[in-house]
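Biologist: Could you pick one spot in this model and look at it closely, then work outward to the rest of the chain? I'd like the cut-offs spelled out as you go.

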Amino acid sequence: MFETEEMVIPADPVEMHEFQAQCVSQCQCVVDITLPLAVILLPSKEAYQSVYNRINNDLLMWEPPPEAPSGPHSPSCPPPRAQDDNFQLCKSAFRLDSDSEDEEPHHAGSESEKRRRGEPRPAPTQSLLSLTVHVGRGRLQALTESKGETGQKVEHCHGEVVLDVEGGKIFSVTQHQGNPNLNFLCLESKKVELYHRAAVPDSAIPTQLEVPGFAPPENLDPTIYPTEVGVSSVGGQEDGAQMLSTAIKITLDLQRNVKEFLVALRLQGATLRHHMVLTNHSWHEQLVDFLDVIDDPILGYSPPAVITVLHTHLASCAVDYRPLYLPLRVLFTAESFSLSSNIIVDTATFHLRFILDDSALYLSDKCESDLVDLRRDYVCVVDIDLLELAITTWKGSGSGKLTQPLFELRCSNNVVHLHTCADSCAALLNLLQYLVARGDLHPPPRHTSPTEIAGQKLPLSESPAVLPPCLPAETAEINQYDLTDALIDMERIQRDEDTDSGSSASLQRASPVSVYLFPGEAPKPRPPEEAEEPELDGMVSAAHEAQPDAGSEEESEESTDNDDFCILEAPGIGIPPRDGEPVVTVLSSEPIQVRDGYFSRPRGSSDLLRAPSRFPVPQSRVILREVSVVWHLYGGKDFGGKPVSSHGQHSHRGRSAPSGARGSPSRSAAPPRPQNSWRWAGGSGRQHSLLMEIQLSKVSFQHESYLPLASPAVPGQDAEAAGVGEQPICRQVFIVQELEVRDRLASSQINKFLYLYTSESMPRRAHSNMLTVKALQVCPESGLGGPECCLRVSLLPLRLNIDQDALFFLKDFFSSLASGVNPYLPVDPATEVKADISQKPSGEAEPGASLGPDLSASMETTVSEQSSSSAGSSSSADQPIYFREFRFTSEVPIWLDYHGKHVVIEQGTFAGILIGLAQLNCSELKLKRLCCRHGLLGVDKVIQYAINEWLTDIRKNQLPGILGGVGPMHSVVQLFHGVRDLFWMPIEQYRRDGRIIRGLQRGAASFGTSTASAALELSNRLVQAIQATAETVYDILSPTPPLSRYITEGRPASRPRRAPQPADLREGVAKAYDTVREGVIDTAQTLCDVASRGHEQKGLPGAVGGVLRQIPPTVVRPLIVASEATSNLLGGMRNQIKPDARKEDFLKWRTEDSQE
């Protein structure tokens, strides 16, 4: 990502010191100021603006008046000064013994002599002024304006920002190396702390500043401070580095009258304490508003346009968030964070770019301790490798026509890893919905102690009663028509419930919202071909996105082989008629003309996220491209679980962690980071032997929102004239290029639980996506009711390899996850404030009393407005989405393998026996196409409808396909299919085109392939059964554990792993030979080891006895070796005939190579 662009970063401390020393040595004037202690108070924005203009626009803009023109005939020419009347360098008290004092006047005189003579002199290479300010310890206190959510200033209240600096340094050089249009400014500090409070009662401004003790202000909240030891020790912070380092390059272009500020800021080892506040109450909003001052005009001077290019780099920084009403601690760390933006005054476009590298999100349930220790108290749930965000905003044009989105966000990343147990995943979901609902601003029902909520002791200043629950006044103006309809509907329902409580629900719910128009009910005429096969009218017809493989997908799903194609044996023969005489078909008697460019050029790979051309320009757009996500599902608990034994935990972690990293294609492209392997450890109760992985590769998502119905998309052209019958509201597209579920359970031998099925007869199309979901929300033409959604889902064929333990693990995991997710229901702020007022003791002062009567009145007014508006908006916001049409566009075949292991009586006697003893091999079922145009209310209804339709179709039509995979039935069915094709394909081919020879060829090929592969599969199953029986007898007869396993592996294996299947017959013969050779060597080695060990213990009788005891298993051992060699030979023959079988085995089973 950084290969094709230049990164602008501040220099390190050594390079910064060398640059400053060089500037000081080549400067005409050097000013060095040292302030051991500095305190600055800015009482208001007006005071800061006045100081800024006095210094920036008065002092720094001052220039001496130009000299009067001199000439021999000028009457006002002053008399020439004497030779000795020159400026001289003043003598320093510390340089009295200097030898250069006598030479300075002569040098100055010679310079003046050259100036008078007009001789050319070289351009100066020295800088004009170098200013260095050293600050030992300093505090900057600024009193900002406190504004409400509407932007109005709050009376009798102000905001306060305190910045503490330790070891600070300010360096400035003007006219660098003699260039009058080039300046530099450097800011450095070893330690920086920022404190902030949005609303502080007004107090008298001190007339005299006192020397502070630099203790954290009690009335302010810590906002930015150095990272704690428990976090910085993990990130590996550099020693001796500056916490804050800023370099600013100021250039002035006189021709364009543009001044450019190139700002590079680096902040290292800092932590930001996040506080959820109201609008205009955050520290950065108040600080930006405070620094946004107006320059005083200067007569006769036109200020240049200012361009600021900002490059911010954060190294080893963190964000600490502690929810008030959620028993969680959240910490987000980033080893590298880069922000690039351009700030141009009065420009229409603004670009902002984020690059995040090696970041992680941690959760903790230990809310008692104030100190942060990542490895002890926190659990890493999200691990982000590399993430890039780009934000583009546009102010719009004066005509009101949209030529580009007003807001656009683009996101792309390498890979995101989620490591969760069921409880930590539930905690993450609870946190997300808490953040979306802004839970800190909407407290839940009060507990017995208002200062202790969710295990966190809150000071009285942080109690929910102090937070003014204000909402913007513009909320009531948004979507006014829908809100009016919703209020009328609510009043009607309440009036009916009060008058007649026993009336039917249908009469109470009668409202305009229940009126929906279907495509067939449109009043406008429709063409006959459209009436025969109804499609989505209006805007929904425009939602048929032009996909390169959409048409071919539906056409090719009717048949998966080449039966519908006429295959010619040789070119020029043509199609023989039924009587056998070949006839040449003449297509044209005229000469053939070749037209260049008759077929249009292909447009290349189309963007599936792009909306059709008839759609208007969106108002906002959010795009995620090629975001890969790997979700690691662990057993056990991350929070409050019992610790696992050290031996088992170490062994499981050693095996599971690398497999997850290796299974990800994105991780395999770059070398893994071993320093972050501790993040996968999780909590003390996490079981690494229970692990499954869900991988979504190259996920793309796009959300577009369009202008409301009041303003048409194209000015001067209504929707019908543009070919659009309905007004789009928003459009979403979700695409997953590849979806995999990998089985990593220690008790399972399955490799991939779910993946995309491909074969020679069903290859994967180029640029095809495994899952595609498209949703379009439109506003009905009548304008009555809420938005209606049209949903389309497409899916590619699937292959499922289900192990019983993996199936039960997924069931338990998601059951625990569903039980752990608690919906966050905040209390209405109006009722909360009323309850606080009614329950407040008489001796306790009200929260608004100290802020003045005006602020209290504004709080009451805002609460009343919010309570009135929330009653009407809640009905429309809580209404589920109405799906006018739902389509499952393609028929999806699914091949299913199931391996039962043990009987589970808890599921019922019959079901438990069936689950434990069932064995399915290549059971086939299909998910049929679905098209529901009757309307479904809510996502749950859509899922329920699809599941009911598929289950009904499977029970009625697909039971033979499922039962055909029970045990060895699949091979038997394949055997009979081969025999049937041998006799039926010639007849079918003869009925089609009379080519019986072609039918015999196809029948013989199908019979040979199917019969041979089925016979080899049955023979291999028989040989494997014999091998398993022989191994069991060998283990029973063996007096000691098998020595070969200790000798070859060095440790006992918990279970035998499958060896990789031979690719063809040649490899099968080679593996069979190696098996026989190794078996003979192992048997001889075992006899020698037993004899030598017995001889060491008991002499010759011990050696003879050991050999005699080893004879029974030695007799059985050749049967094991022979059956294993035969299995390799049969497997090679089967893979030679049917190459897809080896690919399926490779994807299905875990082999020894993939485990070690």
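Modeller: Let me pin down the elements: helices (H or I, at least four residues) and strands (E, at least two) are DSSP runs, numbered from the N terminus. My spot is Val1104, which sits in helix 25, covering residues 1100-1137. Keep in mind that this is a predicted model, where local features need pLDDT of at least 70 and side-chain atom pairs count only at pLDDT 80 or more, while totals for chains, interfaces and linings use all residues. Numbering starts from 1 along each chain as its sequence is written, and side-chain values use heavy atoms, with hydrogens and water left out.

Val1104 has a relative accessible area of 43%, so it counts as partly exposed (buried is under 20%, exposed over 50%, partly exposed in between, with a 1.4 Å probe and protein chains only). Val1104 also has company: together with Leu1100, Leu1108, Ile1111 and Val1115 it makes a nonpolar surface patch of about 490 Å². A patch takes residues with over 30% relative accessible area and no salt bridge, joining like charges within 9 Å and nonpolar side chains (Val, Leu, Ile, Met, Phe, Trp, Tyr) within 5 Å. The areas are Shrake-Rupley values with a 1.4 Å probe, and for residues only the protein chains shown count as cover.

Now step back to the whole chain. There are 27 helices and 29 strands. The chain's accessible surface adds up to about 66,700 Å², and carbon and sulfur atoms account for 59% of that. Of the 1156 residues, 38% are buried. Contacts (heavy atoms within 4.5 Å) reach a long way along the sequence: of those between residues at least 6 apart, 79% join residues at least 24 apart.

Some buried strand residues show what that looks like. Ala360 lies in strand 12, residues 349-364, and it is buried because its relative accessible area is 0%. Setting aside neighbours within four places in sequence, Ala360 touches Leu331, Phe332, Thr333, Cys380, Val382, Asp383 and Arg679. Its C-alpha is also 9.5 Å from that of Ala318, a residue 42 positions away in sequence.

Ile248 belongs to strand 7, residues 244-253. At 15% relative accessible area, Ile248 counts as buried. Beyond four places in sequence, its contacts are Asn183, Phe184, Leu185, Phe261, Leu262 and Val263. Thr308 is 60 residues from Ile248 along the chain, with 10.0 Å between their C-alpha atoms.

Then there's Thr772 in strand 22, residues 771-779. Its relative accessible area is 9%, so Thr772 is buried too. Not counting residues up to four places away, Thr772 is in contact with Phe734, Ile735, Arg792, Val793 and Ser794.

On to the charged pairs. Side chains of opposite charge can pair when their charged atoms come close. The structure holds 38 salt bridges, each being a side-chain nitrogen of Lys or Arg within 4 Å of a carboxyl oxygen of Asp or Glu. One of them joins Arg621 and Glu408, at 3.5 Å from N to O. That pair ties together distant parts of the chain, with Arg621 in strand 18 (residues 620-637) and Glu408 in strand 14 (residues 407-413), 213 residues apart. Both Arg621 and Glu408 are buried.

Glu1144 and Arg799 make another bridge, with their closest N and O atoms 3.3 Å apart. Here helix 26 (residues 1139-1148), home of Glu1144, is linked to strand 24 (residues 798-803), home of Arg799, across 345 residues. Glu1144 and Arg799 are both buried.

Glu988 and Arg992 also form a salt bridge, with closest N and O atoms 3.7 Å apart. Since they are four residues apart in helix 21 (residues 969-993), about one helical turn separates Glu988 from Arg992. Glu988 is partly exposed because its relative accessible area is 29%, and Arg992, at 37%, is partly exposed as well. Finally, have a look at Lys366, Asp373, Arg376 and Asp377, which salt bridges link into a network.
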